[in-house]
Amino acid sequence: MKFSMIFEAQLVDPTPERERQVIHDCVEQAVHAEKMGFDRVWAVEHHSLTQYAHMSASEVFLSWVAARTERIRIGHGVVTMPFGYQHPVRVAERAAMLDVLSGGRVDIGAGRGATRQEMRMYGVRQEDTYPQMEEALRIFSGAWREERFEWHGSIDIGPGAVLPRPVQDPHPPLFMACSKHDTLRLAAELGIGALVLGFAGADDVRAMRKVYDDAIAVRDGSRLVSTEVNDHFSALCPTVVLDDAERALRLGTRGQRFFAESIAHWYGGAPAPTGYAEDDDHTAALERRRAELVARLHEANVPARPVDTGPYNTDHAYGDADTAIAYVERLREIGVDEVMCLIQMGTVPQEVCMETIRQWGERVIPHFRAREGAAR
């Protein structure tokens with residue numbers, strides 16, 4: 001089992017100064033993650049989603065991280081693939097350049113960037129997002145495998161070379177963000193890894209793992225996007241770990257409340273999130289507002305699951321290291337290939353993020369490494 005972290009660059013009450021600080025804080029967390037034994041860092045790509053995600057140029061962020069690290073893998077989790085955001089050849093060139101500079105450490109995830117705000121900023125039509133995301137994946141795999149490439153689909157490309165060539169042969173592993181059962185099935189049919197939400201808890205992750213595995217079992221190979229198949233299942237794990245388990249729970253649920261209300265704001269038109277006192281009962285607050293937030297998401301045609309329960313269930317790795325180990329044991333039993341830690345939620349202080357990374361690196365990850373070693 002692999003261990004990773006994902007960055008949104010969230011912050012409360014943004015100012016240019018706070019924004020700059022949180023981006024540098026994310027870099028420091030990523031560097032610390034390598035020292036603490038994490039396998040990978042992921043960075044999202046979102047646009048114009050104030051508070052929720054200030055990570056608009058993840059390729060630049062990941063390049064900066066790659067330059068300051070030596071071993072940890074560098075993941076785009078994910079690139080917005082519809083052509084209005086960026087031409088697929090340009091994404092292939094950038095990813096290959098980063099693969100060269102990082103010594104073959106890049107992973108590429110695909111996403112739609114389907115909030116109304118983002119689509120308005122780039123002139124993207126919602127009906128184009130799924131077909132163009134799939135087409136972009138096919139373009140990448142061909143452009144990286146073939147010395148002289150051309151493509152004639154909804155867009156015409158080439159013939160010509162896509163340079164530089166990536167270090168990983170024939171190309172970096174491919175993934176897709178999966179928030180619904182339909183997208184899990186699609187990822188399985190395309191033969192690419194699944195990056196799934198884990199906010200709804202371990203039971204929901206179990207259900208998503210089954211959907212993915214069932215789709216893999218019945219695929220006939222006709223929709224595979226590459227000769228290289230990547231059946232890797234990575235599940236989000238919101239976490240804050242401190243010696244003071246009660247404070248970790250308060251800070252974790254506060255961060256999750258901010259995250260949930262940010263989702264409801266940008267995906268469903270709810271009020272913008274705000275900062276909250278540390279000693280509020282954030283679990284109860286999330287439960288009280290669940291019906292209101294879910295109603296707004298339905299009004300905006302956001303898929304019913306896992307959003308209905310996802311951001312509002314607080315049974316996660318919030319507590320001391322033993323709490324985190326117990327939760328990850330549940331994920332291990334389900335068959336999760338990668339635990340993707342979400343630590344940098346908008347209200348979680350930098351020193352708490354760094355301490356959580358340390359606790360995972362010194363106590364949680366070694367527990368599972370030792371278990372795997374004994375099994376071997």
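**Entry 1: α1 and α2**

I began with the way α1 passes α2, and I recorded a right-handed crossing. The model I am reading is a predicted one. I then looked up the axes of α1 and helix α2, the latter spanning residues 58-67: they come within 10 Å and cross at roughly 45°. An angle over 35 degrees but under 65 falls in the oblique class, and α1 and α2 are therefore oblique to each other. On the α1 side, I listed Ile23, Cys26, Val27 and Ala30 as the residues making the contact, and on the α2 side Phe61, Trp64 and Val65. Sorted by class, the contact of α1 with α2 has seven nonpolar residues, no polar and no charged ones.

**Entry 2: the loop before α1**

I next turned to the loop between β1 (2-7) and α1 (16-35), where Gln10 has its place. Is Gln10 buried or exposed? I found a relative accessible area of 0% for Gln10, and buried means under 20%, so Gln10 is buried. The side chain of Gln10 reaches the backbone oxygen of Tyr52, and I noted the distance as 3.1 Å. Setting aside residues up to four places away in sequence, I found that Gln10 touches Val22, Gln51, Tyr52, Phe258, Phe259, Gln344, Met345 and Gly346.

Asp13 also has its place in the loop between β1 and α1. I noted a positive phi of about 50° for Asp13, which is not a glycine. Most residues other than glycine have a negative phi. The relative accessible area of Asp13 is 47%, and I entered Asp13 as partly exposed.

**Entry 3: Gln51**

I followed one of the residues touched by Gln10, namely Gln51. Gln51 is found in the loop between β2 (40-43) and α2. Its phi is near 80°, a positive value in a residue other than glycine. With 8% relative accessibility, Gln51 counts as buried.

**Entry 4: cis peptide bonds**

Which residues does a cis peptide bond with omega of about 20° join? I identified them as Gly77 and Val78. Val78 lies in strand β3, which covers residues 73-80. I also recorded a cis peptide bond from Asp169 to Pro170, with omega near 5°. Pro170 lies in the loop between β6 (156-160) and β7 (174-178). As background, I kept in mind that most peptide bonds are trans.

**Entry 5: Asp107 in β4**

I looked up Asp107 and placed this residue in strand β4, residues 106-111. At 1% relative accessibility, I entered Asp107 as buried. What joins the side chains of Asp107 and Arg73? I found a polar contact of 2.9 Å between them. Apart from neighbours within four places in sequence, Asp107 is in contact with Arg40, Trp42, Arg73, Ile74, Gly75, His76, Pro173 and Phe175.

**Entry 6: α5 and α6**

I then examined helix α5 (residues 126-145) against helix α6 (residues 181-190): they pack at an angle of about 25°, and their axes are 12 Å apart. Angles under 35 degrees count as roughly parallel, so α5 is roughly parallel to α6. I noted the crossing of α5 and α6 as right-handed. From α5, the contact is made by Tyr130, Met133, Glu134, Leu137 and Arg138; from α6, by Thr183, Leu186 and Leu190. I divided the residues of this contact into five nonpolar, one polar and two charged.

**Entry 7: α10 and α11**

I looked next at helix α10 (residues 321-334) and helix α11 (residues 350-375), which pack at an angle of about 40° with axes 10 Å apart. That angle makes α10 oblique to α11. I recorded that α10 passes α11 in a right-handed crossing. The α10 residues making the contact are Ala321, Asp322, Ala324, Ile325, Val328, Glu329 and Arg332. From α11, I listed Gln359, Trp360, Arg363, Val364, His367, Phe368 and Arg371. How many residues of the contact of α10 with α11 are charged? I entered five charged residues, beside seven nonpolar and two polar.

**Entry 8: Ala207 and Ala375**

Last, I looked up Ala207, which lies in helix α7 (residues 202-218). Ala207 is partly exposed, with a relative accessible area of 31%. I noted that Ala207 and Ala375 are 168 residues apart along the chain, and that their C-alpha atoms are separated by 26 Å.

Definitions and conventions. Residues are numbered from 1 along each chain as its sequence is written. This is a predicted model: local features need pLDDT of at least 70, side-chain atom pairs count only at pLDDT 80 or more; totals for chains, interfaces and linings use all residues. Side-chain values use heavy atoms; hydrogens and water are left out. Helices (H or I, at least four residues) and strands (E, at least two) are DSSP runs, numbered from the N terminus. Buried means under 20% relative accessible area, exposed over 50%, partly exposed in between (1.4 Å probe, protein chains only). A polar contact is a pair of N or O atoms within 3.5 Å; within protein, one must be able to donate a hydrogen and the other to accept it, and residues adjacent in sequence count only if both atoms are side-chain atoms. Contact means heavy atoms within 4.5 Å. Axes are lines fitted to C-alpha atoms, for helices over the stretch in contact, and angles run from 0 to 180 degrees between N-to-C directions. Angles under 35 degrees count as roughly parallel, over 145 as roughly antiparallel, 65 to 115 as roughly perpendicular and the rest as oblique. A crossing is left-handed if the near helix is turned anticlockwise from the far one by less than a right angle, and right-handed if clockwise. Ala, Val, Leu, Ile, Met, Phe, Trp, Tyr, Cys and Pro count as nonpolar, Asp, Glu, Lys and Arg as charged, and the others, Gly among them, as polar.
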